[in-house]
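I opened this notebook to keep track of what I looked up, one topic per entry. The structure comes first, and my notes follow it.

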Amino acid sequence: MAKTTKKEPLDKKTDSKTKAEKSWELTKQHKIVLGSLLVLFSVALLVAFISFYIHGQEDQSAVSELTNRTETVQNWLGKFGAFLADLIVYRGFGLASFLFVRLFFLTGLFMILGISSKKLKGIWFWDLFALIIISVLLGFFASSLPELGGTVGYELNLFLQDYIGKTGTLLVLLFGLIVYVIFKIKLSPEKIQSFLENTKKEIKSDLGSNPVAKNEGAYNLEEFAVTEEKELDDIALKPKTSLFEVDKEALKPTISHSSEIKLTTTPKPTTAEVAAANNSSAPDDTFVIETAPEEEIIEENLASRLVSDFGLFDPTLDLSNYKYPTIDLLKEYSTGGITINQEELEENKNRIVDTLRNYKIEIAQIKATVGPSVTLYEIVPEAGIRISKIKNLEDDIALSLSALGIRIIAPIPGKGTIGIEVPNKNPTMVSMKSVIGSAKFQEAEMELPIALGKTISNETFVVDLAKMPHLLMAGATGQGKSVGLNAVLTSLLYKKHPAEVKFVLVDPKKVELTLFNKIERHYLAKLPDSEDAILTDNAKVVNTLNSLCVEMDNRYSLLKDAMVRNIKEYNEKFKARKLNPDNGHRFLPYIVLVVDEFADLIMTAGKEVEVPIARLAQLARAIGIHLIIATQRPSVNVITGLIKANFPARIAFRVTSKIDSRTILDTAGADQLIGRGDMLYTNGNDIVRVQCAFIDTPEVEKITDFIGSQKAYATAYLLPEFVGEESGINLDMDISERDTLFREAAEIIVNAQQGSASLLQRKLKLGYNRAGRLIDQLEAAGIVGPFEGSKARGVNFLDMSSLDQFFNNEQNN
């Protein structure tokens with residue numbers, strides 16, 4: 001008791017403190033009004049400053065007599081404008097004062113749009129820094145014109161010159177400019193060098209448009225040449241030096257992100273020419289390295305900037321102060337972009353070309369695209385080469401490359417090329433931070449965006465779970481399925497408010513998803529009588545799946561009453577206040593069912609799991625219930641054909657055999673993956689190779705701690721209660737509360753000598769819920785026995801006469 005009495009005054013203090021803080025917080029309406037005032041004030045400053053430089057001298061004498069109403073001024077903003085211009089421009093910072101116009105305008109705009117003030121602080125700091133530097137610079141070079149540098153710039157300039165002289169003052173100003181250019185404009189020597197090199201290449205390409213004379217000793221490169229940086233005469237003089245080796249020195253700096261290497265070759269030369277060319281590498285190989293533009297990384301989670309429209313119902317109002325997880329909770333594992341190993345690319349290219357030539361397969365062009373863990377070599381074979389001939393050389397090419405496992409795509413869908421995927425010797429880890437922070441994910445206009453990782457071209461791979469509509473993940477143990485599930489859940493936590501999405505988590509292993517317990521009252525859904533939101537007991541899983549089926553039927557009834565076809569249209573109609581909550585209508589969050597090991601459920605529960613899963617997979621898409629099922633091998637006895645047909649979106653991690661790959665993807669390829677998150681994704685058409693983003697347990701813990709520490713709902717999202725045959729609930733013995741079909745149901749059960757809800761469903765044409773209640777009432781009356789697992793219930797009356805006697809006794813009593 002003493003402990004509680006000590007805490008009470010502390011709680012009161014904290015409550016009063018939070019209330020005081022809330023009272024000082026600006027509401028949305030206050031921010032819009034204040035922001036509009038600042039925008040208009042910035043326009044007024046602009047008008048006053050411009051007119052100052054036109055009529056400033058005429059208004060100089062009138063500024064000191066502002067109280068005299070007869071005094072006239074030429075400033076377009078009147079006496080107030082003349083006073084502001086004199087104070088800020090003439091007595092202040094001169095021309096640099098125009099930066100105040102920008103600052104007030106941006107501040108007002110940020111407040112109107114509800115954008116976070118974190119970026120605004122940086123803008124204010126650097127603009128004020130530039131204000132001082134520009135003012136002093138103008139005071140230094142135009143001391144005779146005080147309107148340019150202002151009084152502040154002029155006086156600061158004189159102050160500096162008194163102590164460090166003109167030279168020292170100039171050096172200080174130059175240092176200030178260097179600081180601004182490096183930290184604000186982010187200009188570096190590398191960027192200047194690359195700009196000069198690009199300019200040089202453009203000039204060369206313009207000047208090199210004249211035809212080049214061919215040399216008889218050189219190979220014919222006219223047909224397939226990619227660049228003209230070197231003349232063919234130079235190549236002829238140096239037959240053993242490829243253009244790639246000439247440009248190697250210029251390519252020493254690390255090249256980040258997606259880069260491409262293109263190789264062009266000519267028809268096969270004679271034996272003598274090959275011998276003269278040293279036989280190991282073709283002298284006519286031409287490489288062009290192109291660096292793809294770096295993907296923009298957004299430091300702040302854009303989901304927190306969303307502003308609801310006026311007049312619409314806002315489902316997030318209950319948790320209006322909820323803050324989305326910040327990106328700095330995630331760890332950056334890689335040091336930056338992809339490092340291109342020039343020697344490795346050259347060596348692999350030569351081995352591929354030589355291996356194909358050994359089998360008399362000539363190639364017209366080869367291009368390499370470097371990804372985080374795999375490099376894709378796209379080759380264009382000469383006319384007349386059969387694709388199957390190259391496909392059959394998969395093992396030979398893998399042997400020549402000494403690779404862990406290569407994958408040949410023949411042909412690449414949508415391209416006239418054949419792809420050879422070769423693992424990198426030093427793969428780059430893809431961090432969840434780089435994927436979540438990418439503009440492609442942050443700006444994704446999807447209902448349920450999921451950032452899975454990065455493709456071979458190093459682009460962030462984002463898909464919409466709402467359009468899949470269900471996802472099947474499979475792969476051998478230890479290849480990344482659980483990490484993939486964490487990546488899916490993390491993506492949704494970063495983009496969706498707790499009011500918009502709920503998770504039903506099934507974890508037979510009991511250890512993989514336990515961290516998400518901390519966000520139970522924010523994001524999780526469960527049965528009303530369940531203690532734990534994360535399901536580990538298979539018996540409770542069956543009840544939850546059936547409860548989701550009841551929720552699905554209830555939602556379809558709401559959609560029918562609202563005369564809409566899907567959850568998106570329904571919620572838009574509800575937000576527009578066109579549906580009455582008094583009629584049972586409510587905002588419907590998306591529900592995502594995640595099963596970490598589905599095979600374990602099938603082994604222990606069998607048909608009891610398969611039936612509700614099949615129903616949900618077939619029907620639940622339109623009402624916003626989506627399934628994500630992970631298993632080691634989706635064989636026909638685990639994922640039946642009925643279920644599998646409704647999972648067009650599939651992810652395959654590394655498996656041990658082609659049979660397993662075909663079981664998952666209906667094609668081979670997953671057996672050639674390299675593991676550690678390397679995966680193939682398909683949605684019924686093309687197959688995309690993706691390096692899954694890595695997120696470790698401490699990162700998940702930080703995110704769940706961040707969310708769990710905030711204000712939450714009173715309880716987890718409650719699913720409808722499900723009462724099945726196995727419930728064993730002893731209903732009230734009051735005869736008046738029995739179903740009207742109670743006697744008819746008892747007669748059917750006694751005649752059939754078999755007690756089951758399915759029998760009553762067929763005979764009486766009832767729904768499952770009502771048939772289940774009838775069975776419970778029959779059990780309570782002693783007509784049928786208790787639930788016995790997969791067996792039918794026992795019947796306690798052998799014939800109709802004994803049943804009639806039972807009912808007569810009840811009436812007499």
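Before reading any handedness I wrote down the convention: a crossing is left-handed if the near helix is turned anticlockwise from the far one by less than a right angle, and right-handed if clockwise. I also noted at the outset that this is a predicted model.

**Entry: two helices that cross**

I looked up helix 16 (residues 481-495) and helix 24 (residues 697-708), whose axes come within 12 Å and cross at roughly 30 degrees. With the convention in hand, I recorded this crossing of helix 16 and helix 24 as left-handed. Which residues meet where helix 16 and helix 24 are in contact? On the side of helix 16 I found N486, T490, L493 and Y494, and these meet V700, I703 and I707 in helix 24. Sorting the residues of this contact by kind, I got five nonpolar, two polar and no charged.

**Entry: the whole chain**

I then stepped back to the protein as a whole, where the secondary structure comes to 28 helices and 17 strands. The protein has 813 residues, of which 47% count as buried. I also looked at contacts between residues at least 6 apart in sequence, and 70% of them join residues at least 24 apart.

**Entry: the open sheet**

Next I traced a sheet of nine strands, which is open, has mixed pairing and follows the order 8-7-16-15-14-9-13-12-10. Its edge strands are strand 8 (460-464) and strand 10 (501-506), each of which pairs on one side only. From one strand to the next, I read a twist that averages 30 degrees.

Within this sheet I followed strand 14 to strand 15 (residues 678-683), and I noted that the two run antiparallel and are joined by four bridges. Helix 18 (residues 538-562) packs on the sheet, where it touches strand 10, strand 12 (590-595) and strand 13 (625-631), and its direction makes about 155 degrees with that of strand 12. I noted a further helix here, helix 21 (residues 607-619), which lies across strand 12 and strand 13 and runs at about 125 degrees to strand 13.

**Entry: A649**

I chose one residue of strand 14 (residues 649-652) to look at by itself, namely A649. Is A649 buried or exposed? A649 counts as buried, because its relative accessibility is 0% and the cut-off for buried is under 20%. Its bridge partner in strand 15 is N683. Leaving out residues up to four places away in sequence, I listed M468, H470, L471, L472, Y681, T682 and N683 as the residues that A649 touches. I also checked A649 against L665, which is 16 residues away in sequence, and the C-alpha to C-alpha distance is 9.3 Å.

**Entry: aromatic rings**

Last, I went through the aromatic pairs, and the count came to 20. One of them joins F52 and Y53 edge-to-face, with 5.3 Å centre to centre and 85 degrees between the planes. In this pair F52 counts as buried at 8% relative accessibility, whereas Y53 counts as partly exposed at 31%. For Y322 and Y324 I read 5.5 Å between the ring centres and 70 degrees between the planes, so this pair is edge-to-face. Y322 and Y324 are both buried. I closed the entry with one aromatic cluster, formed by F125, W126, F129, Y180 and F183.

How values were computed. Residues are numbered from 1 along each chain as its sequence is written. This is a predicted model: local features need pLDDT of at least 70, side-chain atom pairs count only at pLDDT 80 or more; totals for chains, interfaces and linings use all residues. Side-chain values use heavy atoms; hydrogens and water are left out. Axes are lines fitted to C-alpha atoms, for helices over the stretch in contact, and angles run from 0 to 180 degrees between N-to-C directions. Contact means heavy atoms within 4.5 Å. Ala, Val, Leu, Ile, Met, Phe, Trp, Tyr, Cys and Pro count as nonpolar, Asp, Glu, Lys and Arg as charged, and the others, Gly among them, as polar. Buried means under 20% relative accessible area, exposed over 50%, partly exposed in between (1.4 Å probe, protein chains only). Two strands pair if DSSP finds at least two bridges between them. Rings of Phe, Tyr and Trp (its six-membered ring) pair if their centres lie within 6.5 Å; planes under 30 degrees apart count as stacked, over 60 as edge-to-face and the rest as tilted.
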